[in-house]
Amino acid sequence: DQHYDKIYQSRRAFFFRGLVGFSLSLLGTIFIEISRNSGLASLCGDALLQGFGGAILFGTLNQMAAFTGRGNGQRLKAIILAGVQSSALVVLGVGLTSGFKSHNGERFSRFLLSIIVIETVCFVAFLRLLGAPSVAASMVRRDSSLIQLDQLLNISDRNVKEVHLLIDDETTNEQVAQLQVTELSLRELLKYSKACCWILIITLIPSFLVGSWFTRVLTDWISLAQILFYVRIFSDFTGRLATIVVPSKSMTSLAWIATLRLVPVVLFFLNSKYPNSLSHDYADGFSIFLVGIIAFLSGYLVTGCFQLAPKSLPWEFRSSNLSKQASVLTVAFSFAAVGGLVSSLILISFDL
């Protein structure tokens, strides 16, 4: 992405990514209405379009947060990640107000139309975001730094003194060193960001595994799976916002929290498999309590990783690699999500 940002400038590149992301999401939603009676394969294709669109938008907004705002965009990252999670609550609200209850329900078209309107409003909001003075100024600064980076990299070692021609005579030695930055390779980025990636994997694989297990919890309460789903959404959302009030201090603390969080994960699976090990009256409540803890810590850990990741880069490399690092973390996030779903399928295939 950064390569094309240099060629076309950040504002054009991010507009294109947003346009593609929202277009795929809208097409996926529209095709669901057109082909809703065409079978499972067609529905999966529509879901893929929505998934690709959502992934592009998720990565794009995380990249923007990396170089927009103060403090490496820590608050913006928390808000973006919380917004991703709270989107499920928006869909719940639309479902309740439209009266939609099933795929073949009479009000399904009204439900989809409401989603299309919301996606269109979000696209307009994205365009306004690109035009906001602070975002536009951040993109101009980023484009200037990328151009300056290319100029510095084109200077050979024997002519390194020519670096001084790129800056004013009054620039201090500290500022000169700050300009001598390097764009890291993918391998180097992974080396500096591996702690964040491992924490994301340790956090998200159990999260998606637990989330996919809601319908397999042994219970007589028919609504439990739905309640667990929304408890998870709300708790995760709260955990992400909590990073604004109580920001993460270090990767070491996040690693300890991620490790200790495996305890309630194990307890959840034991309780879902053997609910009678506790008093049956409390087994469902215990499941809700455990899901709340797991989801809250998941939101806190994921957001904390995105906030602390820039500090893992050496300061002289930081400004020119923030956007690229955000992409690496997004890939690790997606890899962990797939890992959780695959793990769930493996456990189901062995009837565990």
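A salt bridge is counted here when a side-chain nitrogen of Lys or Arg lies within 4 Å of a carboxyl oxygen of Asp or Glu. Keep that rule in mind as you move through this structure, which is a predicted model.

**First stop: helix α9**

Select residues 224–245, which make up helix α9. With 22 residues at 1.5 Å a residue, this helix should span 32 Å, and because its end C-alpha atoms are 31 Å apart, the expectation and the model agree. Now colour the buried positions of α9, which include Leu224, Leu228, Arg232 and Ile233, and look also for Gly239, Ala242 and Thr243, which are among the buried residues of α9 too.

Next, show the side chains of Arg240 and Asp236, which form a salt bridge whose closest N and O atoms are 2.3 Å apart. Why are Arg240 and Asp236 separated by about one helical turn? They are 4 residues apart in helix α9, and that spacing is why the separation comes to about one turn. In general, an α-helix has 3.6 residues a turn, so residues three or four places apart point the same way. Are Arg240 and Asp236 buried or exposed? Both Arg240 and Asp236 are buried. By the rule given at the start, the count for the structure comes to 1 salt bridge.

**Second stop: aromatic pairs**

Turn now to the aromatic rings, of which the structure holds 7 pairs. Select Phe58 and Phe333, which form a tilted pair with 5.2 Å from centre to centre and 45° between the planes. This pair links distant parts of the chain, since Phe58 belongs to helix α3 (residues 40–67) and Phe333 to helix α14 (residues 322–349), with their positions 275 residues apart. Both Phe58 and Phe333 are buried.

Then select Phe214 and Phe268, whose rings form an edge-to-face pair, 6.3 Å centre to centre with 80° between the planes. Here too distant parts of the chain are linked, with Phe214 in the loop between α8 (186–211) and α9, and Phe268 in helix α11 (residues 262–273), 54 residues apart. Phe214 and Phe268 are both buried. Add Trp213 and Phe269 to the selection, and you have one aromatic cluster formed by Trp213, Phe214, Phe268 and Phe269.

**Last stop: arginines over rings**

Stay with Trp213 and show Arg216, which lies over the face of Trp213 at 4.9 Å from the ring centre. To finish, select Phe14 and Arg17, where Arg17 lies over the face of Phe14, at 4.7 Å from the ring centre.

Note on methods: Residues numbered from 1 in each chain as written. Predicted model: local features only at pLDDT ≥ 70, side-chain atom pairs only at ≥ 80, totals over all residues. Heavy atoms only, no water. Helix = DSSP H or I, 4+ residues; strand = E, 2+ residues; numbered from the N terminus. Expected span 1.5 Å × (residues − 1). Buried < 20%, exposed > 50% of the residue type's maximum accessible area, 1.4 Å probe, protein only. Phe/Tyr/Trp six-rings, centres within 6.5 Å; stacked < 30°, edge-to-face > 60°. Lys NZ or Arg CZ within 6 Å of the ring centre and 35° of its normal.
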